[in-house]
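Hi,

Here is the structure I promised to pass on. Have a look at it first, and my notes on what turned up are underneath.

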Amino acid sequence: MKNQLILLGLLIGTSSAQGLKDLAAPRNLDVGAAINMFQLMDNPDYTDILEKDFNVVVAENAMKMDASQPQRGEFNFALGDLLSSYAQKNNMKLRGHTLLWHEQVPKWMTDGNFGKDELEEVMKNHIQTVASHYKGRVYAWDVVNEAISDSGGMRDTLWRRTLGDDFIARAFRYAREADPNAKLFYNDYNSETMNRKSNDIFEMVKKLKADGVPIDGVGMQMHLTLVAPPSITEIQQNMKRLEGLGLEVHITEFDVRTTGFMGTVAERNAATAKLYKDVVNVCLQAKNCTTFIVWGVTDGQSWLKAGSPLMWDAFFKPNPAYFAVQEALQGK
Ligand code: G3I
């Protein structure tokens, strides 16, 4: 019966027997998705897709600081633990997002008026409590998220203003102390091509490595825009220079903002599919690019709230992007 269903699926062209993760495994690539916890808890259409196509999950929001330490010193791991059990049950890897960010921080933090020593303690305690809690379960953490400014240099955040530029190095050291086996990543957006921001990131991680700070990789979020697509050659160059530092690359939050595209929906979806395929291909070709994660599963749940940024439409039907990724993984 199952075989007949698969055959039927193949005939009507909606699915194939092998999920993306199965096609990706022989190419040494992990394929993941950011998880909406409400969907995970009660939508079988959603979990069917996850279990067929992905071997990595990351919480879209549930493991950020506002969720995990809503009151000072009071940690809440309920949703993260649920995702962790789900991942374990389904043989998936759990990626951690994120230990330190300037957004989605709890009110007690932003209103705290903490001095340097106290904020250092807050940072250390948060990183170490969360990383220790998920020790052995999270295989890779976004330790620091989005700390470089879009216009160059360090971003002006509460962490940096109070703690100084070297808070980043200390954040990585605290994370490594708490979980020596998790891979530790710096993660940012608009930094996939060769540009001012990616140059700053490159210089920063180069210095971290030179100083012996425990960093294993760089996350390229890749929230791309269809009307201003990135140069694939530059993505390749950027991955290559990070490889030169011995750093891994994870594509951590891939999606395509499709608004503003002039053309039919079919043309828009075809152009989006091509972008997905080009990026998966560039990752497959780069020795150090090991993970491709999409920032959500269906268009209906995307933070972008318009167009078709993801691999499934709002009705859980695969978009052309899904088949394009399939082809890339099959080397077609
Ligand atoms: O939890 C509240 C809920 O109680 C309330 O009813 C609801 C009303 O709008 O808001 C809920 O919080 C929202 C939360 O998502 C959960 O849905 C926040 O307002 C909203 O700001 C938050 O947006 C998230 C955003 O990060 C926050 O900056 C997006 O879902 C999430 O996709 C996005 O993810 C980020 C990555 O972490 C880092 N890189 C960029 C990426 C996209 O912005």
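**Helix packing, the ligand and two odd spots**

Let's start with a helix pair: the axes of helix H12 (residues 232–244) and H13 come within 10 Å and cross at roughly 30°. That angle makes H12 roughly parallel to H13, a label used for angles under 35 degrees (over 145 is roughly antiparallel, 65 to 115 roughly perpendicular, and the rest oblique). The axes are lines fitted to C-alpha atoms, for helices over the stretch in contact, and angles run from 0 to 180 degrees between N-to-C directions. Helices (H or I, at least four residues) and strands (E, at least two) are DSSP runs, numbered from the N terminus.

Before I go on, this is a predicted model, so local features need pLDDT of at least 70 and side-chain atom pairs count only at pLDDT 80 or more, while totals for chains, interfaces and linings use all residues. Residues are numbered from 1 along each chain as its sequence is written, and side-chain values use heavy atoms, with hydrogens and water left out.

Back to the pair: H12 and H13 cross in a right-handed way (the near helix is turned clockwise from the far one by less than a right angle; anticlockwise would be left-handed). H12 brings Ile-232, Ile-235, Gln-236 and Met-239 to the contact, and H13 brings Asp-278, Val-279, Val-282, Cys-283 and Gln-285; contact here means heavy atoms within 4.5 Å. By class, that is six nonpolar, two polar and one charged. Nonpolar covers Ala, Val, Leu, Ile, Met, Phe, Trp, Tyr, Cys and Pro, charged covers Asp, Glu, Lys and Arg, and polar is the others, Gly among them.

H13 (residues 265–285) also packs on helix H14 (residues 320–329), with axes that come within 8 Å and cross at roughly 30°. H13 and H14 are therefore roughly parallel to each other too, and H13 passes H14 in a right-handed crossing. On the H13 side you'll find Tyr-276, Val-280 and Leu-284 among the contact residues, and on the H14 side Pro-320, Val-325 and Leu-329 are included. This contact has 10 nonpolar, two polar and two charged residues.

Elsewhere, helix H8 (residues 116–133) and helix H10 (residues 167–178) pack at about 35°, with their axes 8 Å apart. The crossing of H8 past H10 is right-handed. Among the residues that meet are Met-123 and Ile-127 of H8, and Phe-167 and Tyr-174 of H10.

Now the ligand. Which residues are closest to it? Of the 14 that surround it, those are Glu-60, Lys-64, His-97, Glu-146 and Glu-253 (a residue counts if one of its heavy atoms lies within 4 Å). An oxygen atom of the ligand is 2.7 Å from a side-chain N or O atom of Lys-64, and there is a 2.7 Å pair with the side chain of His-97. For Glu-103, the distance from a ligand oxygen to a side-chain N or O atom is 2.9 Å.

Last, the backbone. Most residues other than glycine have a negative phi, and most peptide bonds are trans. His-97 and Thr-98, however, are joined by a cis peptide bond, with omega about 0°, and Thr-98 is in strand E3 (residues 93–100). Gln-104 has a positive phi of about 50° although it is not a glycine; Gln-104 lies in the loop between E3 and helix H7 (107–110).

Cheers

Notes
A polar contact is a pair of N or O atoms within 3.5 Å; within protein, one must be able to donate a hydrogen and the other to accept it, and residues adjacent in sequence count only if both atoms are side-chain atoms.
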